[in-house]
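Here is a set of exercises to work through with the viewer open. Try each task before reading its solution.

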Amino acid sequence: MAQLPVDAILHFSNNHAKPSHLHFQYGTAGFRTLASSLDSVLYRVGLLAGLRSKRLDGKTIGVMVTASHNPEQDNGVKLVDPRGEMLEASWEQHATLVANASSAEELIHALNEVVRVAKIDLSKPSRVVYARDTRPSGPALIRALEDGFRALGVEARNAGVTSTPILHYLVKAINTKGTEESYGEDSEEGYYRKLSTAFRALVAGKRKLEPLLVDCANGVGAQAAEKLREQIGDKLPLILENTDTDARGALNYNCGADFVKTQQKLPPSIAPLLEKGQRACSLDGDADRLMYYYVDERGHFRMLDGDKIAALVAAFIVELVKLAGLDNTIKVGVVQTAYANGASTKYLAERLPVKCVPTGVKHLHHAAEHYNIGVYFEANGHGTVLFSPSTQQTLKTHEPSTPAQSTALTHLINLTELINQTVGDALSDMLLVEVVLAHKSYSGAEWDSLYEDLPNRLVKVVVADRNAFKTEDAERRLVSPPRLQARIDELVRKYEGGRSFVRPSGTEDVVRVYAEAAVKSQADELAFRVAGLVYDEAGGWYDSVYDEELGSQPCIFTSVTPAWNNINLSRLAEKIKSPLVFAHVRASTAGSLSLDNCHPFNYGRFMWMHNGNIADFERIKRRLQQDLPDFAFNKVLGNTDSEWAFALFLSKIPDHSARSFSPRTLQKAMVDTIASLNQYAEEFGITEPSLMNFCVTDGESIIATRYISSKKDEAASLWFSSGTDFSEDPDGGHYRMTKADKRENIIMIASEPLTFERADWMEIKTNHMAVITRKMNFLQIPIVDKFYVPPSDPEALTRATEFAQEKGLLNPRSSMQADTKPSRRHNQSHCC
């Protein structure tokens, strides 16, 4: 009986040792992490691909080296089964086992275990086709992969640099070649010919399509789109942008489908090019996601995401099936996840069956296979249409009885050729969308008008253990922790059109909270309030860690000279790095001009600053002092209302000298501080509102309030922004927040937006508290007292602005769109 080539495997293993401190997990996207950590994984995937092929009697397995929409420094690898589908779920465990073998000897043991459990005949041949995207780390990882092939004696075909969907196409084409189920010519050129031939047939006789602007994300899709453009010619003029695959750092940076979906705005490079009403779309880094959008007549960005694509395509296919006279034979269905917008689900459910499944392409794909024609698109733009084998046979053999039936039948047959049914394919899906638009004579705006998305918000909460959160009903309801779902349900009922669900991440200790409501402000509030429930349930304080030599106290620099004209501040700022920074430029409203009155103030671990003023403070000052314990009274060095408010806050902390404080402790102390100040004002008959934008940190968590002691007046402004980097443009003088991916390393809170990109900033709601935890969870929590007006109350939108504006403390509102998702990497918080 054949055995593993142990000597060869050990020989190559010496060049690809596994990092001892890392654990790898094969998931929906395969293995994906920093490219610098993946060498050993690629070698072992080469071995595993060979074993998978042997298990399937020598059928060709695909290996794709890509990290899709992730930033350029990441990379990944995934295996593709013979029909072009994702790796069988049971083999994900085998992949994880093999990738984590701690030594060459353990690797041999793991491989033998896979052979035993999967009952692999090692005498069978093994065949693999492999490819990579344009990442600079790709060539080195491919070499590690090829060593795995050599060690096992795999017959390997290098497809070069190509897109993920083309690799999936090749796998199926190779394995069906010469059979009745032949999927097409097994070459990249065959892929382009198949799509372009079907496209030209489907748009024949239709009005000429207007040019389509295509954002290629500076990825492999740029090369694929160029080749496709040559094939389809003037049937669809393509204007290709973001096509630089050689520029370091350009891949997926401020462009691509994921940027559009998460930022909900135009890529900066596309904005100056797109005319009102013109269609545009973005691919992602490996061209398996697609996002459409346009600018309406008012100049507003309008996104047409995967939900909109599903609605457009499904309705068109249902119409063709009916016109072909097959509506009693062929049943069309749509598969969605819980993230699908509620308006999309309602629109589709009125027209055809809709099934909800857990998040993940494998769940969507498998559920779609149960329909005669199954349509699935995730909101992120990944999706396709599946025609069952029996349906394809029906289309080939059906005898139409009228010319109209014949035309519709031909269109359906051409759709089976146009659509890449193996996986989500941005280019195939782009041509599909253009076909439907041509047939329906829709503009982007007319397509958009099929239904109006419900406002929604996605919030990420970092938790100690994601496994504590269990779901059911396609991840739409929690079964664990107990009673949390009931609390979420109670909250949701308070919001018109409200819907919210909580699901744990499959790869990291993160819980995602999704919320919808009839009004944007309510969707935001609902998401943050549910996130607060999750955070409370998950626990909330962490042991303090600090440099023993420096201690836990903050370092503070103050000066009475203007910040913009202080050379010492400039010198220090150039050399100091910190994960948490407070900055305060003060205009005196109370107290004299002196260093003692300069913000921020500190005591022990705490640092505090204030923007605003406490009305008639001199009248309540003695009353406040009476409530202070000695330590808080004696720490006040200046004579500002802000510092005395800080002393009051310290008096509300149960143990002010503790080594660490939970965010809930700081939240309660802040609420109690505001309540006491309001009580003093009431005792002395003070009717003028106080502006209490306070900000405090213990070095780990941050609490910032936007508060006014009035139900009718607006508070001093407060904004936040988050992203992966805050840096100066190459031309200098202009800073901006950027998001290279979904991860967020920086959260900034400021009294007004600090950059020209106003859409990067979101306004913190009046009489709310912003909380940033040590793990970069961002929460907005209402301060509920007699001055609180819920955002759902119309009066919340009619607060008078004159009071705060007269004091120079209100930056005008503007339309904001943002998505905050904290991250683990290089976290920083800034408050200004």
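**Exercise 1. Prolines after cis bonds**

Task: In which loop is Pro600 found, and what is the omega of the peptide bond that joins His599 and Pro600?

Solution. Keep in mind that this is a predicted model, and begin with the position. Pro600 sits in the loop between β20 (580-582) and β21 (601-603). Next, look at the bond that joins His599 to Pro600: it is cis, with omega about -5 degrees. Now repeat the search at Pro481, which lies in the loop between β17 (477-480) and α17 (484-492). The peptide bond from Ser480 to Pro481 is cis too, and its omega is near 5 degrees. For background, most peptide bonds are trans.

**Exercise 2. Positive phi outside glycine**

Task: Where is Asn218 found, and is Asn218 buried or exposed? Then answer for Asn767: where is its place, and is Asn767 buried or exposed?

Solution. Step one is the backbone angle. Phi of Asn218 is near 55 degrees, a positive value in a residue other than glycine. Asn767 is not a glycine either, and has a positive phi of about 55 degrees. As a reminder, most residues other than glycine have a negative phi.

Step two is the location. Asn218 belongs to the loop between β6 and α8, while Asn767 is in the loop between β29 (762-763) and β30 (768-772).

Step three is accessibility, where buried means under 20%. Asn218 has 8% relative accessibility and therefore counts as buried. Asn767, at 0%, counts as buried as well.

**Exercise 3. Building a five-strand sheet around β6**

Task: Which strands pair with β6, and over how many bridges? What is the strand order of the open sheet of 5 strands?

Solution. Start with the side chains of β6 (residues 212-215). Leu212 and Val214 point one way, Leu213 and Asp215 point the other way, and all are buried. This fits the general rule that side chains in a regular strand alternate between the two faces of the sheet.

Next, find the partners. β6 pairs with β7 (residues 238-241) in the parallel sense over 4 bridges. The chain gets from β6 to β7 through helix α8 (residues 220-232), in a right-handed β-α-β crossover. β6 also pairs with β8 (residues 280-283), again in the parallel sense, over 3 bridges.

Asp215 helps to fix the register: it stands opposite Glu241 in β7 and opposite Ser282 in β8. Val214 stands opposite Cys281 in β8.

Now write down the whole order, β7-β6-β8-β9-β10, an open sheet with mixed pairing. β7 and β10 (301-304) are at the edges with a single partner strand each, so one side of each has no neighbour in the sheet. On average, neighbouring strands are turned by 25 degrees against each other, direction ignored.

Finally, add the helices. α8 lies across β7 and β8 and runs at about 165 degrees to β7. Helix α15 (residues 426-440) lies across β6, β7, β8 and β9 (290-295), at about 45 degrees to β9.

**Exercise 4. A three-strand sheet**

Task: What is the order of the open sheet of 3 strands, and which strands stand at its edges?

Solution. The order is β15-β19-β18, with antiparallel pairing. β15 (456-462) and β18 (499-504) are the edge strands; each has a single partner, so one side of each is left without a neighbour in the sheet. The twist averages 15 degrees from one strand to the next. To check the pairing, follow β15 and β19 (residues 510-516), which are antiparallel over 7 bridges. Val462 stands opposite Val510 in β19.

**Exercise 5. The interface of domains 1 and 2**

Task: What area do domain 1 and domain 2 bury between them, and which three residues of domain 1 supply 54% of its part?

Solution. First set the bounds: the domain assignment gives domain 1 as 6-161 and domain 2 as 190-304, among others. Their centres, taken over C-alpha atoms, are separated by 32 Å. Then count contacts: 10 residues of domain 1 touch 17 residues of domain 2. The two domains bury about 1000 Å² between them, 51% of it on carbon and sulfur atoms. His69, Glu72 and Thr134 supply 54% of the area that domain 1 buries against domain 2, more than any other three residues.

Technical notes:
Residues are numbered from 1 along each chain as its sequence is written. This is a predicted model: local features need pLDDT of at least 70, side-chain atom pairs count only at pLDDT 80 or more; totals for chains, interfaces and linings use all residues. Side-chain values use heavy atoms; hydrogens and water are left out. Buried means under 20% relative accessible area, exposed over 50%, partly exposed in between (1.4 Å probe, protein chains only). Helices (H or I, at least four residues) and strands (E, at least two) are DSSP runs, numbered from the N terminus. Two strands pair if DSSP finds at least two bridges between them. A crossover is right-handed if, with the strands pointing away from the viewer, the path from the first strand over the helix to the second runs clockwise. Axes are lines fitted to C-alpha atoms, for helices over the stretch in contact, and angles run from 0 to 180 degrees between N-to-C directions. Contact means heavy atoms within 4.5 Å. Domain bounds come from an automatic or database domain assignment. Buried area is the accessible area (1.4 Å probe) that two parts lose on being put together, summed over both.
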